[in-house]
Amino acid sequence: MIDLIVSGDCVVTPHAIGPADVAIGGGKVVAVAERGGFPVPEGARHVDATGKIVMPGGIDPHTHCLWPVVVPDGTPTLTQGPSVVGRAALFGGTTTIIDFTRWTHGQSVQGAIEARMADWRADGCACDWALHTMVEGDLPPEVPGQLGEAIEAGHASVKIFTTDITPSRKGRMVDFGDIWEVFQVLSRKGGLGVIHAEDNDIVMHMYAKLFREGRAGFENMAEVHNTLSEDLSFRRVLRLAEKVPGTALYMLHVSAADGVRAIREARARNQPAYGESLHQYMLYTSDDYKRPNGQMYHTYPSLKSQADQDELWRGAMDGTINCVATDELCCSLAVKTQGKRIDDTTGGNSGVEPRVAVMYSEMVGKRGFSLRQFVDAVSTNAARIMGMYPRKGCIAPGADADICILDPALRREVRAEAMHESDYSPWEGRQVDAWPAMTILRGKVVVEGDRWVGDERGGEWISRSIPDEIRAGAAP
């Protein structure tokens, strides 16, 4: 039964971009046909999207909801949960987010996943969601096997740190022997390694050096989380994976030219390695730390130079950088800017809502990317790499009817007060060339104009399985 038809003159499907009717029923795309090919059934709604871009709903593969953070008075608390972040995502045209289960010592991987999912369901999420499994520190010998069970249960990706990030987070880093064991599980069970790669020796050496020299202000962050660290660690991780055939890697938040080059060279060797950058790395540099409230632009690793940013854009153009994420951490401006030093600055960003509009403007409007490349970067590639395609990330028969209708007539200036995440935005005052006019989640209109018309607890957990072609290194 068809209950909704979206008609547009610029509909982005896997095979074409142009005029089409999208017929929707039971939460799925029923058919895609020539425009005018479907008479509107009695009782069905017709949405005329003429002059707009009808695209798959955005997918942000890197968010942190209900995440531990310290507030200005020193009290540990949690960031905003999926009830806030999921709704903001839908206002911005993103219909699916991927967050993290944090395994810690003293619990099983399965126990950590069950607890995390219970927290998410208690808070409620308006958009669809999935979870990476994050491990840290010395891994007990039973943990790799438990990760294999989690992969088989639909939690298909495992996050690993090669650094403690800051001296206060000692115990976050996983050593290379344990990483080797996890890679063998990924290879056998068909999982994906999701890697925060920095060289811990270099990072900790630079913390000590800058403290010794009295240069501990956060504006010096790029000297600590530097390009050498990214170069050494990316290449070491990629080399280790190469020695465990069948290990596919997704390199998180690539920030430096050396990271781009390491992935590009690995892919030239037919290694299954994929790259994610963040929109703040692609649009801000370490010079922005010197601006008022410059902590707003920071996440870990640090912002880098203009030359690094230029290489990130080249990587996005040639397919080395596959996805543009946010590292979403939804907190107040007071929390985001409370840290003043290289070792206490709050990471993450409040960015899931404006991501699609900002990247459309920067990619298509300013840099000559095709509409297809933009849609791939903010939606389709994440669906393919993370094991959700073709259910997610495309407008095609049988897919979930997740649709963002992006309107180039809705040019606006990004303002935190007009959005739904936080009291600040790192994109404050930025002009964008379009904004979502409507967001549809599994066939239901949830945002229409600036109005919320959805179910604030309507999101579903998405089970994932990494496709063989992604594990073999196919371009997404």
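This is a short talk on the fold, the cores and a few backbone details of one protein model.

Good morning, everyone; please keep in mind throughout that what we are looking at is a predicted model. Let me begin with the overall picture. The protein contains 14 helices and 21 strands, and its C-alpha atoms fill a box of roughly 70 × 50 × 45 Å along the principal axes. For 476 residues, a compact globule would have a radius of gyration near 23 Å, and the value here is 21 Å, which agrees. Buried residues account for 62% of the 476, and of the contacts between residues at least 6 apart in sequence, 75% join residues at least 24 apart.

I turn now to the sheet. An open sheet is formed by 8 strands, which pair in the parallel sense and follow the order β6-β9-β10-β11-β12-β13-β14-β15. Strand β6, residues 58–60, and strand β15, residues 321–325, stand at the edges with a single partner strand each, so one side of each has no neighbour in the sheet. From one strand to the next, the twist averages 30°.

At the β15 edge, the pairing with β14, which covers residues 273–278, is parallel and runs over 4 bridges; within this region, Leu278 stands opposite Ala325 of β15. Helix α8, residues 257–268, lies across β13, β14 and β15, and runs at about 155° to β14. In the loop between α8 and β14 we find Asn270, which has a positive phi of about 65° although it is not a glycine. Asn270 counts as exposed, because its relative accessibility is 63% and the cut-off for exposed is over 50%.

What about the interior? The largest nonpolar core has 112 residues, and those with the most contacts inside it are Met55, Phe183 and Phe374. Phe183, if we set aside residues up to four places away in sequence, touches a group of residues including Ile160, Ile195, Val237, Leu240 and Leu249. There is also a second, separate core of 19 residues, with Tyr250, Ala383, Met386 and Ile470 among them.

Next, I would like to dwell on Asn200, which lies in helix α5, residues 200–212. Is Asn200 buried or exposed? It is buried, because its relative accessible area is 12% and the cut-off for buried is under 20%. The side chain of Asn200 makes a polar contact with the side chain of Thr163, at 2.8 Å. Beyond its neighbours within four places in sequence, Asn200 is in contact with Thr162, Thr163, Asp164, Ile165 and Met173.

One of those residues, Ile165, deserves a second look, since it too has a positive phi, near 75°, in a residue other than glycine. Ile165 sits in the loop between β11, residues 157–161, and α4, residues 176–189, and at 2% relative accessibility it counts as buried.

Finally, the peptide bonds. Most residues other than glycine have a negative phi, and most peptide bonds are trans. Against that background, the bond from Tyr300 to Pro301 is cis, with omega near -5°, and Pro301 lies in the loop between α9, residues 279–283, and α10, residues 306–318. A cis peptide bond also joins Tyr389 and Pro390, with omega about 5°, and here Pro390 is placed in the loop between α13, residues 371–385, and β16, residues 403–407.

Thank you, and I am glad to take questions.

Key: Residues are numbered from 1 along each chain as its sequence is written. This is a predicted model: local features need pLDDT of at least 70, side-chain atom pairs count only at pLDDT 80 or more; totals for chains, interfaces and linings use all residues. Side-chain values use heavy atoms; hydrogens and water are left out. Two strands pair if DSSP finds at least two bridges between them. Helices (H or I, at least four residues) and strands (E, at least two) are DSSP runs, numbered from the N terminus. Axes are lines fitted to C-alpha atoms, for helices over the stretch in contact, and angles run from 0 to 180 degrees between N-to-C directions. Contact means heavy atoms within 4.5 Å. A nonpolar core is a set of buried Ala, Val, Leu, Ile, Met, Phe, Trp, Tyr and Cys residues joined through side-chain atoms within 4.5 Å. Buried means under 20% relative accessible area, exposed over 50%, partly exposed in between (1.4 Å probe, protein chains only). A polar contact is a pair of N or O atoms within 3.5 Å; within protein, one must be able to donate a hydrogen and the other to accept it, and residues adjacent in sequence count only if both atoms are side-chain atoms. The radius of gyration is taken over C-alpha atoms; the globule rule is 2.2 Å times the number of residues to the power 0.38.
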